[in-house]
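Reader: I'm new to this, so could you take me through one part slowly? I'd like a close look at the sheet and the salt bridges that go with it.

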Amino acid sequence: MPNVLSFAIHHVTNSSIVLDDDGQAAEGRWYLLQMATTKRENRAVWLTGRYVDRVVLDEGSWKFRHVSLTARFFSPYDEGWAETPFLDVTA
């Protein structure tokens, strides 16, 4: 996202971590609320979504194996998600 956003603050909430039976891996789920600024237009935006991640135990430290974010909306601050659920920043 550094090519898209010049500023971003992550707020991650509602964590759920389920450890695999062998204790060597886990699935983590979090909701994201992010306030940000687009790089190209210097426009304030809202981004929300849900992370579903896989982590593994590697020599006593937990490490991310896979990070997945499904966006719920990426909207201009001034218009909101009801008016513009997904802002096109690829154009």
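Author: Sure, let's start with a bit of vocabulary. Two strands pair if DSSP finds at least two bridges between them, and the strands themselves are DSSP runs of E with at least two residues, while helices are runs of H or I with at least four residues, all numbered from the N terminus. One more thing up front: this is a predicted model, where local features need pLDDT of at least 70, side-chain atom pairs count only at pLDDT 80 or more, and totals for chains, interfaces and linings use all residues. Residues are numbered from 1 along each chain as its sequence is written, and side-chain values use heavy atoms, with hydrogens and water left out.

Now for the sheet. Four strands make an open sheet in the order β1-β2-β3-β4, with antiparallel pairing. β1 and β4 are the edge strands, since each pairs on one side only.

Go along it from β1. This strand and β2 (residues 25-38) run antiparallel and share 12 bridges. Phe7 has Thr37 in β2 as its bridge partner, and His11 has Leu33. Five residues sit between the strands in this hairpin, and Gly23 there takes a positive phi near 75°.

Next door, β2 and β3 are also antiparallel, over 13 bridges. Ala26 stands opposite Val55 in β3. This hairpin has five residues between its strands too, and Asn42 in the turn has a positive phi of about 55°.

On to the salt bridges (a side-chain nitrogen of Lys or Arg within 4 Å of a carboxyl oxygen of Asp or Glu). The structure holds six of these salt bridges. One of them joins Arg54 and Asp20, with the closest N and O atoms 2.7 Å apart. Arg54 is in strand β3 and Asp20 in the loop between β1 and β2, so this pair links distant parts of the chain, 34 residues apart. For accessibility, buried means under 20% relative accessible area, exposed over 50%, and partly exposed in between, with a 1.4 Å probe and protein chains only. Arg54 counts as partly exposed at 29%, and so does Asp20 at 27%.

Another salt bridge pairs Asp78 with Arg43, the closest N and O atoms being 3.7 Å apart. Asp78 lies in the loop between β4 and α1 (80-83) and Arg43 in the loop between β2 and β3, so the pair ties together parts 35 residues apart in sequence. Asp78 is exposed at 60%, whereas Arg43 is partly exposed at 22%. Salt bridges with shared partners join Arg43, Asp78 and Glu79 into one network.
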